[in-house]
Every structure is written in C-alpha cells, then in structure tokens.
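Student: Let's go through this model term by term. I want each label tested against its cut-off.

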Amino acid sequence: MRQFAVIGLGRFGYSVAKTLAGKKHQVIAIDSDEAIVQKISDFVAQAVCLDSTDMEALQSVSIKEVDVAICAIGTNLEASILTTLNLKELGIKNIVCKARNETQKMLLEKIGATKVVLPENEMGIRLANSLMTSQVVEQISLSEYASVAEVLPPQELVGKSLGEVNIRAQYGLNVISIKEGNDVNMHPKADDIIKKDAILVVIGSDLDIDKFKKKHK
Ligand code: ATP
C-alpha cells in the first residue's frame, strides 16, 4: 500500500484519487472547493479543503509522508506552479502534474515536476491508435519508443505453439502473458498453444509492434 496526495479534484484529479483509493492505497484528496471535498470524502482516507498555494495550509496535513503527490490543477496556471513549488519545497520526491498544453508542461518540468501529463493529448493519441488497428486492444507506452501491447493473434498463428511461432526471433517481441477470457497465463511456455480467442501481451519497440500489426493485417 502506497501513500498519495491528489491536489485539485476536477474530473481528472477526482478519477485519479478515487481509482487509487479503490485499489486500497492511502489517499489524501485536497481541493479548495468544500463541495468537491465532501463528495470524495467517503472514498479516500483523508479529504481536506485547503488552498494548496498556501504553504502553511499544506503543512497542516501529513503531506510530507506521501510517496507521490499529484497536482491536478490545470486551468489556473499560477495555482499549479505555486502548488508544485510548495510540494518541491516540502521535499516530496515524486511530483506528477497535469498540464493543459506543451508550454505549461515545459514550465512545470523546469520548476521540478518529476512527470507531467497532458491527459487530453495522450488520450487522443491512444484513441487514434486504437481506431487505426483492430489488432491492438490496449497499448501502454513504457518510453518514447517501447510499449507493452495487447495483440490479437492473426489467423495464421492460431493453433500453433509459442515455440513454433517464435515471435521473439521473427518479430523482436517478447510474449509476457496470454489472456484467455478471465484467465491470465503469466508464465507462457514454448509449448503453450495460441488459441483463437487469446490475447497476447507483448513487450517490444513500437517499431516492432507496428511491424507485427502490419504483417498480419
Ligand atoms: P479537469 O479538466 O480535470 O476537470 P480543470 O483543469 O478543468 O480540471 P481546474 O480549474 O484545473 O480544472 O481545477 C481542478 C480543481 O482544482 C478544481 O476542483 C479546483 O477547485 C481545484 N483548485 C484550483 N486551485 C486550487 C488551489 N489553489 N488549491 C486547491 N485546489 C485548487
């Protein structure tokens, strides 16, 4: 169980806080709007109404102890910058911020955010990728060039064993698990057969994942 602070409970922050708490993590949820704080209070360990640009107010909650602080204030740039600086000043190692555009992202990185996300842009890219191909069900970027992807097996691989197909040698991809309905085979072996309704979870470069998809369109 890890400890998180989520500051700014708009649509984005609220879903982050609720999801983390739903997975049994300790969440301190913060917003300057009392009504939103009330709304989330049943779901999280601690819900506090305060202005995060005010250092003294922030210090009044045990925010120093958290593993990760998420600043999910997007529209009010001044509040987002001051909050990030406060979190930095408090010595929090992992600070994740939400930005509305690239300029804001650059600025937040410069003042010390560990990671800055652009939810609308990233979701747009993910949606476009998922619409362009029916082969990939879900893809998670690990870096600028590598991903973990869920791939539906093309017809010609169905009925063959992983060893026979040799995806690693043929396509540079490692199969890390095979999903079949609710079953997840987390230790795929060479003699495991690829069934018709299976989903292969592979890890590899985006280039190799793309090549794999094209080859079997
Ligand atoms: P979303 O797109 O996630 O709905 P948004 O970017 O449209 O969010 P923002 O204006 O960034 O919305 O605000 C997100 C939340 O942050 C709001 O609930 C707001 O009350 C809260 N907030 C803004 N400034 C502060 C602050 N200084 N301290 C605490 N909470 C704040």
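Tutor: Start with helices: a helix is a DSSP run of H or I, at least four residues, numbered from the N terminus. Glycine 112 follows α5, and its phi is positive, near 120°. This is a predicted model, where local features need pLDDT of at least 70 and side-chain atom pairs pLDDT 80 or more, while totals for chains, interfaces and linings use all residues. Residues are numbered from 1 along each chain as its sequence is written, and side-chain values use heavy atoms, without hydrogens and water.

Student: What makes the contact at the start of helix α5 a polar contact?

Tutor: A polar contact is a pair of N or O atoms within 3.5 Å; within protein, one must be able to donate a hydrogen and the other to accept it, and residues adjacent in sequence count only if both atoms are side-chain atoms. A side-chain oxygen of asparagine 101 comes within 3.2 Å of the backbone nitrogen of threonine 103. So the pair meets the 3.5 Å limit.

Student: Which backbone atoms contact the ligand, and how far away is the one of threonine 75?

Tutor: A backbone N or O atom of threonine 75 is 2.9 Å from a ligand oxygen. For arginine 11, a polar backbone atom lies 2.8 Å from an oxygen of the ligand. For phenylalanine 12, the distance is 2.8 Å.

Student: Why is the pair of tyrosine 171 and phenylalanine 212 called edge-to-face?

Tutor: The search of the whole structure finds 1 aromatic pair. Rings of Phe, Tyr and Trp (its six-membered ring) pair if their centres lie within 6.5 Å; planes under 30 degrees apart are stacked, over 60 edge-to-face, the rest tilted. Tyrosine 171 and phenylalanine 212 have 4.8 Å centre to centre and 90° between planes, therefore edge-to-face.

Student: What makes the pair a link between distant parts of the chain?

Tutor: Tyrosine 171 is in helix α8 and phenylalanine 212 in helix α9, 41 residues apart.

How values were computed:
Helices (H or I, at least four residues) and strands (E, at least two) are DSSP runs, numbered from the N terminus.
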